Amino acid sequence: DKQDAMWRAADFHDQWFNTSGSQLRVFYICKAGVVEWPCLTVTLSTSWRQLHADELAAGQRWYCPTCGSRYKTTFGIIVELRIGSELYYMDSEFPDADIQDLKAMAIELRNPNTTNAREILASVIRAEPLNQCDVMRPLANLKDSWQMNRDVFLKLPQIDWNQLYNLGLGIPLAKKGKAVVVEHIEV
């Protein structure tokens, strides 16, 4: 139905919001392979290999452009959060339906004149990771894909998605430990 198609289209938006004071981006990560050495390829939503040519097709499947493994929601996502001039990275479970609804609403608010899923898909912003040296480095042979730094990845805390509601209140975002502050950036 139309609402499901709109939700699928919104899922291609890696940048959830971008204001003068903060920015939230999420990136799908491939964790296929052995536990000690997962793939750790990070790829923009629009650049994963897909089962169907139509991005909005029901039953769509996504495959890692590096190792070819099928994406599983158990792989989760990498969260990039900029607050002021601080840049934070966190590992995350795949967002539940409530958080996905929140994302879809943010996308719709940012694109108030869109009336259908194709228009939502056409409004995707190419949101590359802000740190492309310490956290993840570009893969020369693949467009819109990066190799996550394994040492940094192992230190990333899990985000508590419910804390997004408290973002402006200074309440910690991480479930365990502190979010990894990777760099101080000039905005």
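**Close-up views of helix 2, the nonpolar cores and Ser85**

**View 1. The start of helix 2 in the predicted model.** At the start of helix 2, the backbone nitrogen of Asp98 has a side-chain oxygen of Asp96 within 3.1 Å of it. Asp98 is also one of the exposed residues, together with Leu109, on the face of helix 2 that is turned away from its buried side.

**View 2. Helix 2 along its length, with its buried side and what covers it.** Helix 2 runs through residues 97-110, and its 14 residues reach 20 Å from the first C-alpha to the last, close to the 20 Å expected at 1.5 Å a residue. Its buried residues are Ile99, Gln100, Lys103, Ala104 and Ile107. Because these residues cover an arc of only 145° around the axis, they are placed on the same side of helix 2. The cover over the buried residues of helix 2 includes helix 1 (2-10), strand 1 (15-18) and helix 3 (117-122).

**View 3. The largest nonpolar core.** This core has 18 residues, of which Cys30, Val79 and Trp161 touch the most other members. The elements that give two or more residues to the core are strand 2 (22-30) and strand 8, and strand 2 gives the most, with four residues.

**View 4. The surroundings of Val79, and a second core.** When neighbours within four places in sequence are left aside, Val79 is in contact with Leu24, Arg25, Val26, Tyr88, Tyr89, Met90, Ser92, Ile159 and Trp161. A second, separate core of 15 residues includes Tyr89, along with Phe27, Val42 and Met136; Tyr89 is thus both a contact of Val79 and a member of this second core.

**View 5. Ser85 in the loop between strands 8 and 9.** The loop that holds Ser85 lies between strand 8 (77-83) and strand 9 (86-92). Ser85 counts as partly exposed because its relative accessibility is 22%, where the buried class is under 20% and the exposed class over 50%. Although Ser85 and Ser22 are 63 residues apart in sequence, their C-alpha atoms are 8.7 Å apart in space.

**View 6. The whole protein, as context for the close-ups.** The protein contains four helices and 12 strands, and buried residues make up 47% of its 187 residues. Among contacts between residues at least 6 apart in sequence, 62% join residues at least 24 apart. The protein exposes about 9,800 Å², with carbon and sulfur atoms supplying 54% of that area.

Methods: Residues are numbered from 1 along each chain as its sequence is written. This is a predicted model: local features need pLDDT of at least 70, side-chain atom pairs count only at pLDDT 80 or more; totals for chains, interfaces and linings use all residues. Side-chain values use heavy atoms; hydrogens and water are left out. Buried means under 20% relative accessible area, exposed over 50%, partly exposed in between (1.4 Å probe, protein chains only). The expected span of a helix is 1.5 Å times one less than its number of residues. The arc is that of the directions from the helix axis to the C-beta atoms. Contact means heavy atoms within 4.5 Å. A polar contact is a pair of N or O atoms within 3.5 Å; within protein, one must be able to donate a hydrogen and the other to accept it, and residues adjacent in sequence count only if both atoms are side-chain atoms. A nonpolar core is a set of buried Ala, Val, Leu, Ile, Met, Phe, Trp, Tyr and Cys residues joined through side-chain atoms within 4.5 Å. Accessible areas come from the Shrake-Rupley method with a 1.4 Å probe; for residues, only the protein chains shown count as cover.
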